[in-house]
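Trainee: I would like to go through the labels attached to this model one by one, and to ask for the reasoning behind each of them.

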Amino acid sequence: SPRLTDDRLAQLFSQSAISFNSILVQVDEFQETLQRWLAGHDNRGPGVSAGGFCELLQGSTAMSQGVVILTGTSEIAADCVRKKLPAVFRRIHCTAELSWMNQSDIGQYFRQFLFGFMPYCSAEDWDSWQRAFLNVESWSGSRPVSIDMLQQYLMHQIRECSCLGYGRFITDDSKFTFRVNDEHVKEVISKMCDAQDAKIFLDGYAPVMAIQQ
């Protein structure tokens, strides 16, 4: 956010402002910040500078204990970016890069995602539904699919099912969760496996912007 400056970032994570011994911080869509720094807007205009962010990572003026997780597209792990921002990446101790999902990954994620909403269905049913989902062109390997793409699509579809009255909210183990009605299982699976819905969603998915080397 342009309203977040170096001073405000330092104040937000200062030892006096944090009441816990250690904290977990996630910075999502970090590639947008990198693109701004690489474009020469580091020390000009609003926003946190690379230097200000380094202060947070090294903990000299911010939290004494904690973990900072930076997530985004593959650009945040590119060698060309590391070379141009060495001070930032010197302070990043571990990098994990997730590749595109293969069909087995997609099928397992589909199954595990929906299981929480329909835990009473048989293994045979899940096998059949998983095959049906993977037969949809969008998930059959015709285009690269990331975890974020698939999760957003499945969340979108389950919200649609909720709005259509295909389930109800219950309290399970002190947690408030959505459960699909027995009589609407087929409708929910049909919604998940809708080829047109999948195509429309993926066509509208935000494209990945590549950082020029």
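Trainee: Why is E29 called partly exposed?

Mentor: Keep in mind throughout that this is a predicted model. E29 has a relative accessible area of 38%, and since buried means under 20% and exposed means over 50%, E29 is placed in between, as partly exposed. This residue belongs to the loop between β1 (23-27) and α2 (30-41).

Trainee: What makes the phi of E29 worth a remark?

Mentor: Its phi is positive, about 55 degrees, although E29 is not a glycine. The background is that most residues other than glycine have a negative phi.

Trainee: Why is V67 called partly exposed, and which residues make a nonpolar surface patch with V67?

Mentor: V67 has 47% relative accessibility, and because the label exposed needs over 50%, V67 counts as partly exposed. V67 sits in strand β2 (residues 66-70), and together with L24 and I69 it makes a nonpolar surface patch of about 280 Å².

Trainee: How do you know that F133 and W139 are stacked?

Mentor: The structure holds 14 aromatic pairs. For F133 and W139 the ring centres are 5.3 Å apart and the planes stand at 15 degrees; because a pair needs centres within 6.5 Å and stacking needs planes under 30 degrees apart, the pair is stacked. Both F133 and W139 are buried, and they belong to one aromatic cluster that also includes F110, Y153, F201 and Y205.

Trainee: What makes F169 and F176 a stacked pair?

Mentor: The reasoning runs along similar lines. Their rings lie 5.5 Å centre to centre with 20 degrees between the planes, and the planes therefore fall under the 30 degrees that the label stacked requires.

Trainee: Why do F169 and F176 carry the labels they do for accessibility?

Mentor: F169, at 48% relative accessibility, counts as partly exposed, whereas F176, at 65%, counts as exposed, because the boundary between these two labels is at 50%.

Trainee: How do you know that R111 and D127 form a salt bridge?

Mentor: Side chains of opposite charge can pair when their charged atoms come close. For R111 and D127 the N to O distance is 2.6 Å, and because the limit for a salt bridge is 4 Å, the label applies to this pair. R111 lies in helix α6 (residues 103-115) and D127 in helix α7 (residues 123-134), so the salt bridge ties together parts that are 16 residues apart in sequence.

Trainee: Are R111 and D127 buried or exposed, or in between?

Mentor: R111 has a relative accessible area of 17% and is buried, because that label needs a value under 20%. D127, at 33% relative accessibility, counts as partly exposed.

Trainee: How many salt bridges does the structure hold, and what makes K199 and D203 one of them?

Mentor: The structure holds three salt bridges. In the case of K199 and D203, the closest N and O atoms are 2.8 Å apart, which is therefore within the 4 Å limit. Both residues lie in helix α10 (residues 195-203), four residues apart, about one turn of the helix. K199 counts as partly exposed at 45% relative accessibility, while D203 is exposed, with a relative accessible area of 52%.

Trainee: Which residue forms a salt bridge with D197, and what else does D197 touch?

Mentor: The partner is K191, with the closest N and O atoms 3.1 Å apart. D197 is found in helix α10 and, not counting residues up to four places away in sequence, touches Y153 and Q157 as well as K191.

Trainee: Why is N181 called buried, and which side chain does the side chain of N181 meet in a polar contact?

Mentor: N181 has a relative accessible area of 12%, and because buried means under 20%, the label follows for this residue. N181 is placed in the loop between β4 (175-180) and α9 (185-192), and a polar contact of 3.3 Å joins its side chain to that of R168.

Technical notes. Residues are numbered from 1 along each chain as its sequence is written. This is a predicted model: local features need pLDDT of at least 70, side-chain atom pairs count only at pLDDT 80 or more; totals for chains, interfaces and linings use all residues. Side-chain values use heavy atoms; hydrogens and water are left out. Patches are made of residues with over 30% relative accessible area and no salt bridge: like charges are joined within 9 Å, nonpolar side chains (Val, Leu, Ile, Met, Phe, Trp, Tyr) within 5 Å. Accessible areas come from the Shrake-Rupley method with a 1.4 Å probe; for residues, only the protein chains shown count as cover. A salt bridge is a side-chain nitrogen of Lys or Arg within 4 Å of a carboxyl oxygen of Asp or Glu. Helices (H or I, at least four residues) and strands (E, at least two) are DSSP runs, numbered from the N terminus. Buried means under 20% relative accessible area, exposed over 50%, partly exposed in between (1.4 Å probe, protein chains only). Rings of Phe, Tyr and Trp (its six-membered ring) pair if their centres lie within 6.5 Å; planes under 30 degrees apart count as stacked, over 60 as edge-to-face and the rest as tilted. Contact means heavy atoms within 4.5 Å. A polar contact is a pair of N or O atoms within 3.5 Å; within protein, one must be able to donate a hydrogen and the other to accept it, and residues adjacent in sequence count only if both atoms are side-chain atoms.
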